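Please look through the model shown below. The paragraphs after it go from the sheet to a helix and then to a single residue.

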Amino acid sequence: MIFVGLIALLAAVDLFIKSSIEEQEESQFPKELKGSNGKVLLYKNHNAGFSFGYLKNRPEVVQMIPLAVASFVGGMLGGLLKSKGRIADKLAFSLVLGGAISNLYDRLVRGYVVDYFSLQFGKLKKVVFNLGDIFIFLGAAIFLIVELIRTFRDR
């Protein structure tokens, strides 16, 4: 049950921040995140496609693929929740699903995903993310690391 709560919490936090960004005037962006010493800039970006606007002219595809993937991840997590252990897998799937639900909500309700921050490091300066994206990335990274460890351990 803790993982279901984690999913809801992650999605809610990201959706809350997105709503806060949406309520602000476009002219206020970009701006520095207080306390970041210029390392994080806030934006108000609307992405109707996948990363970097890919397929933005195909909204049905941009909605259905994430819905299918989120359904698959939710099914995988549902199967795992019935068993004991595999905490890292459950955490990874929960992170992915929390981020996916937030972005899927945006796609289905708003018609675009709200991206709102950029890390001011190297090539990342050109990319604007949201927390949902970070949750998905972290969950995928955890899952990959766990699978690599299992592969090497089982040799």
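In which sense do strand β2 and β3 pair, and over how many bridges? Strand β2 (residues 40-47) pairs with β3 in the antiparallel sense, over six bridges. Strands pair when DSSP finds at least two bridges between them; strands (E, at least two residues) and helices (H or I, at least four) are DSSP runs numbered from the N terminus. Within this pairing, Val114 in β3 is the bridge partner of His46.

This is a predicted model, in which local features need pLDDT of at least 70 and side-chain atom pairs count only at pLDDT 80 or more, while totals for chains, interfaces and linings use all residues. Residues are numbered from 1 along each chain as its sequence is written, and side-chain values use heavy atoms, with hydrogens and water left out.

The open sheet has three strands in the order β1-β2-β3, with antiparallel pairing. β1 (31-32) and β3 (113-119) are at the edges with a single partner strand each, so one side of each has no neighbour in the sheet.

Helix α1 spans residues 2-23. Its buried residues (under 20% relative accessible area, 1.4 Å probe, protein chains only) are Phe3, Ile7, Leu10, Ala11, Asp14, Lys18 and Ile21. They lie on the same side of α1 because they cover an arc of only 90 degrees around the axis, taken from the directions from the helix axis to the C-beta atoms. On the other side, Ile2, Leu9, Phe16 and Glu23 are exposed (over 50%). The cover over the buried residues includes β2, β3 and α4 (131-153).

Phe117 is in strand β3 and is buried, at 11% relative accessible area. Phe117 touches (heavy atoms within 4.5 Å) residues including Leu42, Tyr43, Phe129 and Ile134, not counting residues up to four places away in sequence.

Methods
The expected span of a helix is 1.5 Å times one less than its number of residues.
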